[in-house]
Amino acid sequence: MAQKALPLPLLAFFFFFSSGGILKLANGQEKTWCVAKPSSSDAELAANIHFACDQVQGGCNITQEDGPCFFPNTAINHASVAMNLYYQFMGRNNWNCDYRGSGLITQTDPSKNNFDLLN
């Protein structure tokens, strides 16, 4: 039987309002996030955004100018949001964060403490 994916609003809730640090989900699994590697080129980031946004319909609206994930307005941060949306939507499998070697899985919530991927 196919596993149901979380609805996008619920997915966004988990992404933005988790309690930080290493989280345990109800099934005991650790919470993880997918982010872009700081060494990724602009072309890789653009390709990752394009792919992820095509797969998670409407999900990338949150990185638009009026969206909650617009700032910091950088390619690496927008790519990380898009990549993580896809990663969460697909069930947090390692292969859903590969992006030809430009993705990185982390146990640190990138939305906490004004985490800036460029620092």
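## Thr106 and its surroundings

Let's start with a polar contact: a side-chain polar atom of Thr106 lies 3.0 Å from the backbone nitrogen of Thr108. Such a contact is a pair of N or O atoms within 3.5 Å; within protein, one must be able to donate a hydrogen and the other to accept it, and residues adjacent in sequence count only if both atoms are side-chain atoms. The model here is predicted, with local features needing pLDDT of at least 70 and side-chain atom pairs counting only at pLDDT 80 or more, while totals for chains, interfaces and linings use all residues. Residues are numbered from 1 along each chain as its sequence is written, and side-chain values use heavy atoms, leaving out hydrogens and water.

Thr106 belongs to strand S2, residues 103-106. Strands (E, at least two residues) and helices (H or I, at least four) are DSSP runs, numbered from the N terminus. Thr106 counts as buried because its relative accessibility is 19%; buried means under 20% relative accessible area, exposed over 50%, and partly exposed in between (1.4 Å probe, protein chains only). Leaving aside residues up to four places away in sequence, Thr106 touches Lys31, Thr32, Trp33 and Val35, where contact means heavy atoms within 4.5 Å. With Trp33, the C-alpha to C-alpha distance is 5.3 Å, although 73 residues separate the two in sequence.

## Helix H3 and Gln88

Thr32 also leads us to helix H3: its backbone oxygen lies 2.8 Å from a polar atom of the Gln88 side chain. Gln88 sits in H3 and counts as buried because its relative accessibility is 9%.

The helix itself covers residues 75-89, 15 in number, and spans 21 Å from first C-alpha to last, close to the 21 Å expected at 1.5 Å a residue. That expected span is 1.5 Å times one less than the number of residues. H3 is mostly covered, with 13 of its 15 residues buried. Just after H3 comes Gly91, which takes a positive phi of about 105 degrees.

## The chain as a whole

Stepping back, the protein chain has 3 helices and 2 strands, arranged along the sequence as α-β-α-α-β. Of its 119 residues, 40% are buried.

Looking at contacts between residues at least 6 apart in sequence, 72% join residues at least 24 apart. The chain's accessible surface is about 7300 Å², and carbon and sulfur atoms account for 55% of that area. Accessible areas come from the Shrake-Rupley method with a 1.4 Å probe; for residues, only the protein chains shown count as cover.
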